[in-house]
Amino acid sequence: MIIRNVTVVDGTGGAPRAGMDVHIADGRFTDIRPSSTESSPTPAGEPVLDGRGGYLLPGLWEGHTHLRDYGASLPRPERTAHLRDVLAGYLAEGVTSVCDLGGMPELSPELRDVSKADSAMASLFTTEVAFTGIDGWPVTGLKGDRSGVMEVGSADDARRCLRGLRLSEVDYIKCMFDGKPGGGRRLPPEALEVIISAAHTAGKKVFVHIATGTDMREAIQAGADCIEHSPVPRDPRDLSEAEQLAALMAEAGTHYCPTIATWEQLAFGAYPDYLDRLDTDGILTPDEAKEIAARPTYGQPFPKHPADECRLRFDYAMRTLPIFQEADVRLVAGSDIARVMPTPARALRRELQLFAKAGVPNSAVIAAATSRAAEKVGLLPTRGTITVGSVADALLPDADPLADISHLIDQRHVRAVVGSGRIAAR
């Protein structure tokens, strides 16, 4: 396929290139050259996508979600089919890659393999297990099934658990390093170091869930590749903690996935005016708002995360995100949950919108959902950019998202979605 005469925004943060022809073969970008009838003849039978007036971006990445939340209540035989539909829905909305951060070990390998072979679905990247402390989050007080979570009380525990894992078969490792009071025991720092060292030896990245600034600092020092979630601030009036953490992350090269849309939904999701706000911002329609308000889970409290604390984390994340951006921390977009969203993909679009509302430049917002997300997983440069040799995942808005991020957020602006070199939606 050739995408003709399009402006390329390659996802790296570089300047857009207007009037380009983008060639695709065998699911990858094979050539990007100035558009010219003489220099770019179209081979007979080769499909052409007219890109005039459009902007070609890498396909979006959902950098942090839990697909189990979208099928946990279904009978086991129905879950895979349902989650295939979820991944197809992601792709239809321009999200070509999805990172699941644990919670469904019985489904992950099968679903991941299916997604890689089916061009009608977003590509799935997973971990089959998450490490936590003894009775730590998310299994604190849980009486039922604890599969998919390894509870570790010491460095020796970590070594024993690692011996039973085939690290070559997972995309990355997830650790719950949560020092917030009221839960079980925190994963010991020395155990976290053992896990990260073993994962890095196997060529795998480690993503660390945190609750406090202390958690962030110790996880960065242990070698975490990405910090998941923004923290509970030590003092919400004092931004110096964020400045210190940003400097530490920038020096270490640690990625940061703040999941701001999570805290927003948990803080404000029970209020009707929040749905009105999402309507005004173009995230949902009035009919979708009615459907959300009718859900059995609407307005229900979320375990361990009271609304007032989530409001604190949301406000602090919005005020401090520019600090991390200006310190050159590698920002990644991930939404985590979609409790008050019409679709999972719309939660990611809200995260991008919140990045922009916080003051992150549009070029960095795009990078956070493309090249930075692929880099987080260790797949740059083969994914996440529009460069020769990269997997041909892309979307084609009809207006410039660098000038106005709504041209990326509002699905009505998207002319086409390309997944692995094929037009997935139009």
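**View 1. Trp61 and Phe125, a stacked pair in a predicted model.** Let's start with Trp61, which counts as buried at 1% relative accessibility. Phe125 counts as buried too, at 3%. By the pairing rule used here, the count for this predicted model comes to five aromatic pairs. Trp61 and Phe125 make one of them, a stacked pair with 5.3 Å centre to centre and 15° between the planes. Trp61 sits in strand β6 (residues 60-65) and Phe125 in strand β8 (residues 123-125), so the two rings tie together parts that are 64 residues apart in sequence.

**View 2. Tyr172 and Phe207, a tilted pair.** Here the ring centres are 4.7 Å apart and the planes meet at 35°, so this pair goes down as tilted. Tyr172 belongs to strand β11 (residues 172-177) and Phe207 to strand β12, which makes this a link between distant parts of the chain, 35 residues apart. Tyr172 counts as buried, with a relative accessibility of 0%. Phe207 is buried as well, with a relative accessible area of 0%. Elsewhere, Phe268, Tyr274 and Phe314 come together in one aromatic cluster.

**View 3. An open, parallel sheet of seven strands.** Follow the strands across and the order is β10-β9-β11-β12-β13-β14-β15, with parallel pairing. At the edges are β10 (149-151) and β15 (330-331), each of which pairs on one side only. Zoom in on β12 (residues 205-210) and β13 (residues 226-228), and you'll find parallel pairing over three bridges. One residue match to look for: Val208 has Ile227 in β13 as its bridge partner.

**View 4. The largest nonpolar core, with Leu67 picked out.** This core has 101 residues, and Leu67, Tyr90 and Phe324 are those with the most contacts inside it. Helix α10 (residues 307-326) supplies the largest share, eight residues. A second core, separate from this one, has 17 residues, including Val8, Val22, Leu49 and Ile386. Back at Leu67, and leaving aside neighbours within four places in sequence, the contacts include Leu83, Val86, Leu87 and Tyr90. Leu67 also touches Val98, Asp100, Met104, Leu111 and Leu124.

**View 5. Helix α1, with a buried face and an exposed one.** Helix α1 (residues 76-92) has 17 residues and reaches 25 Å from its first C-alpha to its last, close to the 24 Å expected at 1.5 Å a residue. The buried residues of α1 are Arg79, Thr80, Leu83, Val86, Leu87, Tyr90 and Leu91. Looking down the axis of α1, they fall within an arc of 140°, so they line one face of the helix. Turned away from that buried side is a face carrying the exposed residues Pro77 and Asp85. After α1 comes Gly94, with a positive phi near 90°.

**View 6. Two cis peptide bonds, at Pro138 and Pro381.** Most peptide bonds are trans, and most residues other than glycine have a negative phi. Trp137 and Pro138, though, are joined by a cis peptide bond with omega about 15°. Pro138 is in the loop between β9 (130-132) and β10. The bond from Leu380 to Pro381 is also cis, and its omega is near 15°. Pro381 lies in the loop between α13 (371-377) and β16 (394-397).

**View 7. Asp26 and Asp328, two loop residues with positive phi.** Asp26 has phi near 55°, a positive value in a residue other than glycine. Look for Asp26 in the loop between β2 (17-25) and β3 (28-34). With a relative accessible area of 81%, Asp26 is exposed. Phi of Asp328 is positive too, near 65°. This second Asp, Asp328, is found in the loop between α10 and β15. Asp328 is exposed, its relative accessible area being 61%.

**View 8. Pro306, in the loop ahead of helix α10.** Pro306 has its place between α9 (286-293) and α10. At 41% relative accessibility, Pro306 counts as partly exposed. For a sense of scale, the C-alpha atoms of Pro306 and Lys376 are separated by 29 Å, with their positions 70 residues apart along the chain.

Notes. Residues numbered from 1 in each chain as written. Predicted model: local features only at pLDDT ≥ 70, side-chain atom pairs only at ≥ 80, totals over all residues. Heavy atoms only, no water. Pairing = 2+ DSSP bridges. Helix = DSSP H or I, 4+ residues; strand = E, 2+ residues; numbered from the N terminus. Core = buried A, V, L, I, M, F, W, Y, C linked by side-chain atoms within 4.5 Å. Buried < 20%, exposed > 50% of the residue type's maximum accessible area, 1.4 Å probe, protein only. Contact = heavy atoms within 4.5 Å. Expected span 1.5 Å × (residues − 1). Arc of directions from axis to C-beta. Phe/Tyr/Trp six-rings, centres within 6.5 Å; stacked < 30°, edge-to-face > 60°.
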